[in-house]
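Colleague: I have not looked at this structure before. Could you take me through it, please?

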Amino acid sequence: YFTSKGVVRALDGVSFDLYPGATLGIVGESGCGKSVTARSILGIVDRPGRIVGGEIRYRRQAPGGAADPVVDLAKLQPNGSEMRAIRGAEIALIFQEPMSSFSPVHTIGSQIVEVIMLHQQISRGEARGKAIEILRRVGVSSPEQRVDQLSNQLSGGLRQRAMIAMALSCHPTLLIADEPTTALDVTTQTQILELLRQLQREDGMAIMLITHDLGVVAEMATDVAVMYLGRVVEQAPVDQIFHAPRHPYTQALLRSIPRMRSRSRERLTPIAGAVPHPYDRPSGCPFHPRCPEFMAGRCDKEEPILRPVGDKHAVSCFLYP
């Protein structure tokens with residue numbers, strides 16, 4: 001982000017793989033770059049931000065099911081025809097807050113119909129029928145009536161289901177869910193997560209789940225990438241993250257989770273300090289000012305890189321050679 005006060009590196013060398021049928025959980029504190037990662041994939045980074053380097057390699061799927069050559073999304077023009085053909089059709093995004101993502105003056109049905117007609121050569125009547133069917137598929141009651149309602153006429157759970165319906169209307173191969181359950185109560189959250197699992201089983205799509213809730217990650221993800229200050233500091237299958245975390249930041253995140261068996265009035269264990277200001281990134285390892293394993297002369301001078309420390313497990317820390 002090129003601002004009047006200087007350059008802010010919201011993402012700095014983030015790297016991960018995501019495969020069909022898998023769910024990658026992206027976790028970290030607010031401001032670590034989770035949502036910017038999602039927006040970078042879709043080419044919708046807000047100004048004055050832009051991608052200045054790196055690759056986002058995506059293997060497109062031909063209509064017959066065969067794999068097309070890999071395309072580098074980072075090289076495509078954000079408003080070009082190829083990116084517009086991918087965005088919303090092959091890669092879809094569930095926004096964090098559906099109330100602010102839906103237009104308040106158009107019905108949810110008209111917005112879903114617009115997405116379908118943009119990517120499929122069908123009539124408006126056929127698109128409306130598809131919109132009603134996808135609303136029914138995601139569990140919206142009386143979809144024939146709901147399709148003509150405004151977003152403010154729906155409850156929080158129904159709005160989220162309508163947002164999922166719009167994202168799935170063109171059967172994407174990758175679904176990016178940015179905090180899909182943050183504003184929902186626990187019961188509705190469980191229903192939404194089960195809905196995503198069911199739709200993934202039916203369609204075989206990959207899911208990139210962005211969240212700060214480690215409970216949601218434990219329930220949904222097959223792999224986890226832990227981010228801190230625009231970097232991936234640890235990446236591993238979900239069981240290894242919870243049972244054998246390596247990075248001090250990951251360990252601190254897990255210690256801060258409330259536990260059912262904790263004693264009454266027992267205080268939680270917060271992470272010391274705060275996330276550094278983006279204009280004042282620390283030298284060396286970005287986590288070293290808050291790290292209990294800080295090694296003077298190394299952590300504050302050198303930048304660690306993501307290295308393998310086991311089967312499918314990688315960590316960015318000098319504690320591991």
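Modeller: Please keep in mind that this is a predicted model. A place to begin is Gly25, whose bridge partner in strand S8 is Leu209.

Colleague: Which strand is joined to S8 there, and how many bridges join the two?

Modeller: Strand S3, residues 23-27, is joined to strand S8, residues 206-210, by four bridges. The two strands run parallel.

Colleague: What sheet do they belong to, and in what order do its strands come?

Modeller: It is an open sheet of eight strands with mixed pairing, in the order S6-S7-S8-S3-S9-S10-S12-S11. S6 and strand S11 (307-310) stand at the edges. Each of these two has a single partner strand, so one side of each has no neighbour in the sheet. On average, neighbouring strands are turned by 20° against each other, with direction ignored.

Colleague: Let us change topic. What is the volume of the second largest pocket?

Modeller: The second largest pocket holds about 610 Å³ of space. It is lined by 19 residues, and the closest to its centre are Arg87, Gly88, Phe95, Val115 and Met166.

Colleague: Which helices and strands supply at least two residues of that lining?

Modeller: Strand S6 (91-94), helix H4 (108-119) and helix H7 (156-168) each do so. H4 gives the largest share, with five residues.

Colleague: How does the lining divide into nonpolar, polar and charged residues?

Modeller: Eleven residues of the lining are nonpolar, five are polar and three are charged.

Colleague: On to charged pairs. How many salt bridges are found in the whole structure?

Modeller: The search finds 19 salt bridges. One of them joins Glu133 to Arg136, with the closest N and O atoms 3.1 Å apart. Both residues lie in helix H5 (residues 124-137), three residues apart, which is about one turn of the helix.

Colleague: Are Glu133 and Arg136 buried or exposed?

Modeller: Neither label fits, because partly exposed covers the range between under 20% and over 50% relative accessible area. Glu133 has 46% relative accessibility and so counts as partly exposed. Arg136, at 37%, also counts as partly exposed.

Colleague: And what does Arg197 form a salt bridge with?

Modeller: Its partner is Glu219, and the closest N and O atoms are 3.4 Å apart. Arg197 lies in helix H8 (residues 186-203) and Glu219 in helix H9 (residues 214-220), so this pair ties together parts that are 22 residues apart in sequence. Glu219 is partly exposed, with a relative accessible area of 40%.

Colleague: Which residues are joined into one network by salt bridges that share partners?

Modeller: Before the network, one further pair: Glu302 forms a salt bridge with Arg298, with the closest N and O atoms 3.8 Å apart. The network itself joins Arg9, Asp12, Arg231, Arg281 and Glu303.

Colleague: Last topic, the backbone. Where is there a cis peptide bond?

Modeller: The bond from Arg47 to Pro48 is cis, with omega near 5°. Pro48 lies in the loop between helix H1 (34-42) and strand S4 (57-61). Most peptide bonds are trans, and most residues other than glycine have a negative phi.

Colleague: What is the phi of Glu179, and what is that of Lys312?

Modeller: Glu179 has a positive phi of about 50°, and Lys312 has a positive phi near 60°. Glu179 is in the loop between strand S7 (174-178) and H8, whereas Lys312 is in the loop between S11 and strand S12 (313-315). At 7% relative accessibility Glu179 counts as buried, while Lys312, at 65%, counts as exposed.

Definitions and conventions. Residues are numbered from 1 along each chain as its sequence is written. This is a predicted model: local features need pLDDT of at least 70, side-chain atom pairs count only at pLDDT 80 or more; totals for chains, interfaces and linings use all residues. Side-chain values use heavy atoms; hydrogens and water are left out. On a 1 Å grid over the protein atoms alone, a cavity is a set of points where a 1.4 Å probe fits but cannot get out, and a pocket is an open set with protein on both sides within 12 Å along at least five of seven lines; lining residues have an atom within 4 Å of a point. Grid points are joined across faces, edges and corners, and a volume is the space filled by probe spheres set on the points. Ala, Val, Leu, Ile, Met, Phe, Trp, Tyr, Cys and Pro count as nonpolar, Asp, Glu, Lys and Arg as charged, and the others, Gly among them, as polar. A salt bridge is a side-chain nitrogen of Lys or Arg within 4 Å of a carboxyl oxygen of Asp or Glu. Buried means under 20% relative accessible area, exposed over 50%, partly exposed in between (1.4 Å probe, protein chains only). Two strands pair if DSSP finds at least two bridges between them. Axes are lines fitted to C-alpha atoms, for helices over the stretch in contact, and angles run from 0 to 180 degrees between N-to-C directions.
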